[in-house]
Amino acid sequence: MGKRVALVADGRSSDLYASFCAVKLAKRMDADLYSILLVSKSGESGLQPTYLDETWSDFSPSVLWQLICGLSSVEGVHVSYHLINRGSEQELADFLVLHKISCLITGTLNDKDFDRKKHWSAKIVEEVGRHPRWYLGNLTVFLAKPWNDESFKKILRQISAECNLYPIEIASA
């Protein structure tokens with residue numbers, strides 16, 4: 001059984017750097033990446049992203065998936081894409097158990113959001129740990145904090161070093 005990492009995206013700008021971190025983590029672990037979008041349920045048509053709430057307003061799920069697909073392709077990471085109802089910790093926990101995912105990563109916007117996601121992830125870990133079909137030990141959760149300018153420059157240098165065809169240069173002001 002191969003290793004599996006889940007990226008949980010909720011439509012905020014923190015998903016952008018969490019995506020980069022998740023792809024890098026999956027590559028480092030030689031793991032498959034499960035990209036999970038938390039979306040609001042709308043109508044009888046099933047899970048559809050809603051653009052009216054606070055999330056998914058800066059970019060669409062398809063744009064995020066294109067980013068993840070591109071990053072995964074460059075890094076040679078196998079990725080799959082999934083939609084899960086935003087308000088259901090149990091549905092997410094069931095998915096993690098069903099797919100035997102032992103590592104989850106999500107992004108945070110600021111200290112307040114970090115505390116909220118820490119509390120939320122603790123509930124997910126508890127749900128997974130209680131599941132009768134779970135046997136992989138504790139679920140590992142990573143909360144990706146926002147990049148400061150120096151971190152962003154480091155990431156750009158790393159991409160530039162790994163990308164021979166399309167060199168990237170950092171322009172100083």
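User: Let's start with one residue: is D113 buried or exposed?
Analyst: In this predicted model, D113 has a relative accessible area of 6%. Buried means under 20% relative accessible area, exposed over 50% and partly exposed in between, with a 1.4 Å probe and protein chains only. At 6%, D113 is therefore buried.

User: Which helix is D113 found in?
Analyst: Helices here are DSSP runs of H or I with at least four residues, strands are runs of E with at least two, and both are numbered from the N terminus. Residues are numbered from 1 along each chain as its sequence is written. Because the model is predicted, local features need pLDDT of at least 70 and side-chain atom pairs pLDDT 80 or more, while totals for chains, interfaces and linings use all residues, and side-chain values use heavy atoms, without hydrogens or water. The run at residues 111–130 holds D113, and that run is helix α4.

User: Which residue's backbone nitrogen does the side chain of D113 reach?
Analyst: A polar contact pairs N or O atoms within 3.5 Å; within protein, one must be able to donate a hydrogen and the other to accept it, and residues adjacent in sequence count only if both atoms are side-chain atoms. At 2.9 Å, the D113 side chain reaches the backbone nitrogen of L109.

User: Are α3 and α4 oblique or parallel to each other?
Analyst: Two packed helices are described by the angle between their axes and the distance between the axes. Axes are lines fitted to C-alpha atoms over the stretch in contact, with angles from 0 to 180 degrees between N-to-C directions; those of α3 (residues 89–98) and α4 come within 9 Å and cross at roughly 55°. Under 35 degrees counts as roughly parallel, over 145 as roughly antiparallel, 65 to 115 as roughly perpendicular and the rest as oblique. The two helices are therefore oblique.

User: Which residues of α4 make the contact with α3?
Analyst: Contact means heavy atoms within 4.5 Å. On the α3 side, the residues are E89, Q90, L92, A93, L96 and V97. Their partners on α4 are W120, K123, I124, E127 and V128.

User: Which residues of α3 are buried?
Analyst: The cover over the buried residues of α3 includes β1 (3–9), β2 (31–39), β3 (79–85), β4 (103–107) and α4. Beneath that cover, the buried residues are L92, A93, F95, L96 and V97.

User: And what pattern does the chain follow along the sequence?
Analyst: The chain has 5 helices and 5 strands. Read along the sequence, their pattern is β-α-β-α-β-α-β-α-β-α.
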